[in-house]
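Reader: Please take a close look at one part for me, the salt bridges. I would like one connected account of where the partners sit and what surrounds them.

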Amino acid sequence: MTIAGILCVRNERRYIVTNLRYHLDTQGFDFILVIDNGSYDNTRELVAGMNDARVKLVLGERRVRKLESEGELIHLTEVADALGRIT
């Protein structure tokens, strides 16, 4: 069994490497997809600089909805989207 994670980030330079190392090295994740939603600090560069095949960086826009990764479709949604339809 493969354990994969999806991490949506924006301007997380202070914590991104620690967060990824924690999940990869101590929590048993085999793969993490990092979706950067418009960071303007150096979050993207830090993730790319890890040079870890288990981490895939996707540059997204603020409203990322669908991605294709490894042949599987991943659909992302936000709680606020659902709440907006209810209220």
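**A close look at the salt bridges**

Author: Let us begin with R44, which is partly exposed at 25% relative accessibility; here buried means under 20% relative accessible area, exposed means over 50%, and partly exposed lies in between, with a 1.4 Å probe and protein chains only. A word on the basis: this is a predicted model, in which local features need pLDDT of at least 70 and side-chain atom pairs count only at pLDDT 80 or more, while totals for chains, interfaces and linings use all residues. Residues are numbered from 1 along each chain as its sequence is written, and side-chain values use heavy atoms, leaving out hydrogens and water.

The partner of R44 is D36, and the closest N and O atoms of this salt bridge are 3.0 Å apart. The term salt bridge stands for a side-chain nitrogen of Lys or Arg within 4 Å of a carboxyl oxygen of Asp or Glu. D36 itself is buried, at 0% relative accessibility, so this bridge joins a buried acid to a partly exposed arginine.

Both partners also meet L57. Setting aside neighbours within four places in sequence, L57 is in contact with V34, D36, R44, V47 and A48, where contact means heavy atoms within 4.5 Å. L57 belongs to strand β3; helices (H or I, at least four residues) and strands (E, at least two) are DSSP runs, numbered from the N terminus. With a relative accessibility of 27%, L57 is partly exposed. Its C-alpha atom lies 6.2 Å from that of L33, although 24 residues separate L57 and L33 along the chain.

Now for the rest of the picture. Searching the whole structure gives 5 salt bridges. One of them pairs D52 with R21, with 3.2 Å between the closest N and O atoms. This pair ties together distant parts of the chain: D52 is in the loop between α2 (43-49) and β3 (55-60), R21 is in helix α1 (residues 16-25), and the two are 31 residues apart. D52 is buried, with a relative accessible area of 14%, whereas R21, at 29% relative accessibility, is partly exposed.

D52 has another salt bridge, to R54, at 2.8 Å from N to O. Like other residues above, R54 falls in the partly exposed class, at 27% relative accessibility. Through salt bridges that share partners, R21, D25, D52 and R54 are joined into one network.

The D52 side chain also makes polar contacts with the side chains of R21 (3.2 Å) and R54 (2.8 Å). A polar contact is a pair of N or O atoms within 3.5 Å; within protein, one must be able to donate a hydrogen and the other to accept it, and residues adjacent in sequence count only if both atoms are side-chain atoms. Once neighbours within four places in sequence are left aside, D52 is in contact with R21 and L24.

L24 brings us to the helix that carries R21. I16, L20 and L24 are the buried residues of α1. Viewed down the axis of α1, these residues fall within an arc of 50°, so they line one face of the helix; the arc is taken from the directions from the helix axis to the C-beta atoms. The cover over the buried residues of α1 includes β1 (4-9), β2 (31-37), α2 and β3.

L7, in strand β1, shows part of that surrounding. Apart from neighbours within four places in sequence, L7 is in contact with I16, N19, L20, I32, L33, V34 and I35. The C-alpha atoms of L7 and V34 are 4.8 Å apart, with the two positions 27 residues apart along the chain counted as their separation.

Finally, here is the setting for all this. The chain has 3 helices and 5 strands, in the order β-α-β-α-β-β-β-α along the sequence. Of its 87 residues, 31% are buried. Among contacts with a separation of 6 or more, 60% are between residues 24 or more positions apart.
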